[in-house]
Structures are given as C-alpha cells and as structure tokens.
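Hi,

Here is the structure I promised to send over. Have a look at it first, and my notes follow below.

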Amino acid sequence: MSTSAITPVPFGRRIKRFMADRPLVPLIILLVILVVILQILRPGIVNERWIANTIKFAIPLAILAGCQTMTMLTGGIDLSVGTVATMSAFIMATQIVSQDPAIAFLLAMMPAVLIGLVNGIGVGVFRVHPLIMTLGTSLIGTGCLQVYQRTVIASGAKIPGFLAWLGTGVTSGFPNALLLFVPLAALIVFTLARTGFGRLLYAVGDNERATRLSGVQYWQVITALYVTSSLLAGITGLLYIGLIKAPSLSLAEPLVLPSVAAAVIGGTSIFGGRGGYTGTIIGALILTVLTTLLTILQMPEGARRILFGLIVLFVTAAYLRIVEER
Amino acid sequence: MSHFLRRQGWVIGLLALLIVLFIATRIIQPGYGSGDFGSLARAVLPYAFAVAAQTVVVIAGGIDLSVAAMMALTSVTAASMMAGASEEYALLVVPFVLAMGLVLGALNGLLIVVTRVPDIVVTLAMLFVLQGAALLVLDAPGGAAAEWLKALISGTVPIPGLPDAIDAWLPKALLVLVVCLCVIWVPLRRSRLGLSIYAIGSSELAAFRSGVPVKRTRIIAYALSGLFAAFGGLALTMSTGIGAPIPGPYLLASVAAVVLGGVALGGGKGGLLGPIVAVFVLRLVRTDLTLLAIDPNVTAIIEGAIMVAVVMFGAFITMRGRQ
C-alpha cells in the first residue's frame, strides 16, 4: 500500500479532513457566511454599532450555553438555567430597592446555589436523569418566584445603575459586558482544558464506570458541576436584566432552548465526553446573527421559528458529518 | 402470583396511591362526587395522550421533546378546519389530523435515523418547527370544534341495566381515553412490532444482531408517538372548543408521568398502564391542593416538589435493585 501515500489526496477530502481536525473552522466560516448574507440583504448594516449590539445580545446566551456545555460534557443537561437566571434577576431588581447592593447580590445568588445543590444531589447521589431533575427544579423555582412576587408587589423594582451600565453600556466601541464575559470565558476554557476538575468532567462523560473505579467521587464532581452551572446562570440573570431592563417572571426562559442549541452547534456532544467552550461561544454568535437575519427578513413569527429549528437541525447534522470523518 | 406482583409491583403501588388519594379527596371534600370525577377525567385526557406519546418513544430508548408542540399544531389545525364548517366535515377532519400526527411523528423518527443527530436535538429542533407551524395556522387562540366532538367527552356513558348511581362514575372522557389507547396499544404490545420496540430500547446492538429492523422500528415508534400526540391535540380542541398555538405544560408533565409510571428513561422497560395511572395521581394531587384552598402558586411548588421527590425515590429504588 505504499503507493497510496504517493497518490495525492483529492482536494475535497483534504478540505474535509482539515475541517475535521479543526472543528472551529467550519463554524467560523458559517458565521462569516451569515454576516455576509446579512450585509447583502441590508447593505451597510454591518458596522461597529451593529457588531457591538450583536455581541451584547450574544453574551448572556453564551454564558448560559457554557452551563450547557459543562453539563453536557458529563452527559447531562441543565434546563433550570432559565429559571435560575430569572430568579436572580428578579430578586436583584426588587431587593435593591430596600437593601444594600452587596446584600441584594447575595440574596440574588442564594436561589442559584440552592437549585444547583438540589440538582447536583439529585443527579449525583440519587442518579435521577438530569433532564428530569433540572426541569423539576425549574418548575419549583418558578412557583417560588410567583409566591415571592406577591410579597414585593408593593415595593416595586428598579434596575441597579451598574447592571444597566454593564448590560447595555458601550465604551469606545466595546460593550461593557465583555469586561465580565472575557474573564469568565477564559476561566471556563482554562478550567475545562487545564485543571483537574475539567478533566474529571470529560472523564465522567466519557466513561463513568471507569472514572468511578479509578477512585473519583462521582457525586462530588456532579454536585460541584451543577452548583457552578447555577451560579453562572445567576450571574447571567444579573447581566441580562441590565440588558433587557424589564424584570418579569419569564425573563430568561426564552434563552434556555437556544442555549442548548448553541452548545450543540458548537460541537459539544450531548452524550458527553466531547466538546469545548470556544465552539459554544461561536455557536451563540451564530444563533444571535441568525435571529437578526430572520428578523430583518420580516418573516412572520411562525416562519421564523420553523427556520430556526430547521437550521439548528441542519447545522448539527452537517457538523456531525464533518467531525465523524475523523 | 409472586412473579406477577414483582413485575407489576410498581403499577399496583401506584393504583394503591391513587385509591388513597381518592379517599383523601373524599375526606377533604365530602361532597366530591361523580361530577367532579367526570371533570377530572376530562382534565386528564390531553395529559394522558401526551404521556402515551412520550411512553412509546421512551420505551424505544428515545425521548420526544416535541410532544407539546405537536399537540398544539394538531389542535390548531383541527380547530381552524372545523371553524365555520359543517358537522359532517368534522368526520373528515379527525382522520386527517390523526394522519398528520402520524406523518409528522414519522418525520421525527426519519430525521433521527437519517441524520444520526441525537434524538434530543432532533425533537428540540422539531419543537421549534412545529411551534412555528402552529403559529402560521393560527396566530391567536381561535377556531371551533364540531358539537358532536365536544359531546363525545362530556357527560357519562349510559349502560342499560345499571343504576344511574354507578353510571354516573363512568364519564365519557374516560371511555374515550381507554378505547383510543387500547385499540392501539394492546394489539401493538402483542405483536412482533411491539416486541421490537422494547428490544431496541433495551439494547440497540442486541436487537440489531437478532435481526430486528432497528431503523424502521425507531421510525414507527416516533410515528406512534405523533399519532398519540395528535389524539392529545384533538382532545384539547374537544375540551376547550378552540385551538391555541402556544403549547401547554404537557412536555414536563409527560416526562414526569412516564418516570412516575415506572418506565425507565433508558428504555426497554415499563408499560402504558403505569404512566396513565401516574397522570391521574398527579392531576388528583392538584385537585386536592385546590380543594384545600391552597394558593395556586404554592400548588405549583408542591406539585414540582412531589414530582422531583417521586423521581428521586424511583431512581433510588432502581439503584438499590441493581446492587
């Protein structure tokens, strides 16, 4: 078979292999294509302000998708992130009226820790399917929030100035939210790639039995993971309320399914053990640009959702095709 | 007998729980009678079909996140087709909508098999697509339902020779549910196809090696799920008289009832009876909480807590059983 080494590999195959080796490349190409389509449809729309705006809206989605990435690495999923984000945002907006900002922040983070802890114990100790566990806790959380809303209905709500600054402000072309997101993203990428905890997440997702037999305390890893995920969701809530500026009981709920989609598009396997956060960030950007694109096309809401679903499906299928070539 | 008890232990436990809940309901509200039972059966109807849809897929080792959206789409389709049409026209609408559910469900399965994308992602994408389609059919709650369809699930079944007191406890909705489920489920369970569905849920590789057409069976399982979801959508239109394009809380409820009903989420285990009884249990708990005059928001918390606790308990039992 020595001749096969000499025969030049066909160009198409070479491209495919190149893309399979660098899964980020096709994603970036897709993102660029979307932006180019946008520019063709509305010449001049792609400018500094538009880019800042897109990044602003992509950041909360990207952080929530980070929660999904980390949980999906272990073969799980966290559907309670929407409720957690909404809860911390709502509590922050209502407690800031009467409390010191630091105390309001702590109060806002409390439900996040609690829900994360319950999720972690349910999944890690009792071995409940993460999908069910997190859906259940999000149901409980929503109920608690509704009860809580009654108690603060008289005191009203306001958006703290620094959150509005962080969420919507733009300093010399760069959205302020990047101040929060860049360190956070760096931390996630670093944790996943370079620390023991990150390795454990991959290991648990890849082969749980082997991991446990090699002495890893499964429940500790899972509990730590879901608490981290919830904390990230809580922080996202605070950022998102600064961006949206209208506290409501379903504030971050529309972000949940797109966050799963972003992680999947970004190349994280829903069965665990494979993926990373950089892909997820690009996935979140793709989804945000896609939403803009569909809005600009002035489609009815229904057609927009159909297209959104089809594109998520198509991108995932195409991506699997490319990666599986390896 | 002990074999039977061991196999059906979970369902028997659920039935006992249901009876305890009925007794509790009578204690809370001594006036709880046949009429209330009828409205319970009507309220359960769409949930039960959603659960049946989820059960088939879960037994086959998958999950269907598009159940609620499928119900919304079939419901609005039925309602908008029947709006302003004659009563006889509805006779055509019902099979059309059911066929639509079957085809869309099969499409779910086909996409999973052909694209090899995980089922969670495919059905999630379909959730968006179906929701969007529902919004295109009707952008606000509306439409109508034929009178005979509405009459089909209201009132009771008169059985000659039985006193009215017993008759009153047989709401038509319950009969519709039992007939629709049995006509599909019982022959299926006994057929080769039913066995194949259990087989691919239990171990896809083993099923493949013993000659089960895995891909075809998976597509059929999803098609059946779509069919049950279409029944659920029709039930929604029948009980409300309109169609609403926004999906109800049926996804979470269906998954919770499937787990509570003793169907393993890994696939290959359980039956349809358990999840259906579980739906009644969950709805009756809600009724009890309402009768106790508990704030509806607190009811949501309690309901969620019960579901989570039950699921945890179930997982714990399975874990102990394995050791």
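How much accessible surface does chain A have, and what share of it belongs to carbon and sulfur atoms? The surface comes to about 14,500 Å², and 68% of that belongs to carbon and sulfur atoms. Before you read on, keep in mind that this is a predicted model.

Sticking with chain A for a moment: its secondary structure adds up to 15 helices and two strands. The C-alpha trace spans about 80 × 60 × 35 Å along the principal axes. The radius of gyration of chain A is 21 Å, which agrees with the value near 20 Å that a compact globule of 326 residues would have. Buried residues account for 52% of the 326 in chain A. If you take the contacts in chain A between residues at least 6 apart in sequence, 77% of them join residues at least 24 apart. As for charge, chain A carries 21 positive and 10 negative charges, and their mean positions are 4 Å apart.

Now chain B. Here I count 14 helices and zero strands, so to speak an unbroken run of α elements from the N terminus on. Its radius of gyration is 20 Å, close to the 20 Å that the globule rule gives for 323 residues, so chain B is as compact as a globular protein of that length. The C-alpha trace of chain B spans about 55 × 50 × 45 Å along its principal axes. Of its 323 residues, 54% count as buried. For contacts in chain B between residues at least 6 apart in sequence, the share that joins residues at least 24 apart is 77%. The accessible surface of chain B is about 13,900 Å², with 69% of it on carbon and sulfur atoms. Chain B has 19 positive and 13 negative charges, and the mean positions of the two sets are 19 Å apart.

Next, the place where the two chains meet. The contact takes 41 residues from chain A and 39 residues from chain B. Between them the chains bury about 3,500 Å², and 83% of that is on carbon and sulfur atoms. On the chain B side, B:Phe128, B:Leu252 and B:Met312 lose the most area to chain A, and together they make up 17% of what that side buries.

I also looked at two single residues.

In chain A, I picked A:Phe197, which sits in helix α10 (residues 196-206). Is A:Phe197 buried or exposed? Neither, quite: its relative accessibility is 25%, so A:Phe197 counts as partly exposed, given that buried means under 20% and exposed over 50%. Leaving out residues up to four places away in sequence, A:Phe197 touches A:Thr191, A:Val221, A:Ala224 and A:Leu225. A:Leu225 is 28 residues from A:Phe197 along the chain, and their C-alpha atoms are separated by 8.9 Å.

In chain B, my pick was B:Thr299, in helix α14 (residues 296-322). Its relative accessible area is 3%, so B:Thr299 is buried, with the cut-off being under 20%. Which residues does B:Thr299 touch, not counting those up to four places away in sequence? They are B:Leu289 and B:Ile294.

That is what I have so far.

Cheers

Terms used: Residues numbered from 1 in each chain as written. Chains lettered and ligands numbered in written order. Predicted model: local features only at pLDDT ≥ 70, side-chain atom pairs only at ≥ 80, totals over all residues. Heavy atoms only, no water. Helix = DSSP H or I, 4+ residues; strand = E, 2+ residues; numbered from the N terminus. Buried < 20%, exposed > 50% of the residue type's maximum accessible area, 1.4 Å probe, protein only. Contact = heavy atoms within 4.5 Å. Rg over C-alpha atoms; globule rule 2.2 N^0.38 Å. Areas by Shrake-Rupley, 256 points an atom, 1.4 Å probe, with all protein chains shown as cover. Lys, Arg positive; Asp, Glu negative; His and termini not counted. Charge placed at Lys NZ, Arg CZ, Asp CG, Glu CD. Buried area = accessible area lost by both parts, 1.4 Å probe.
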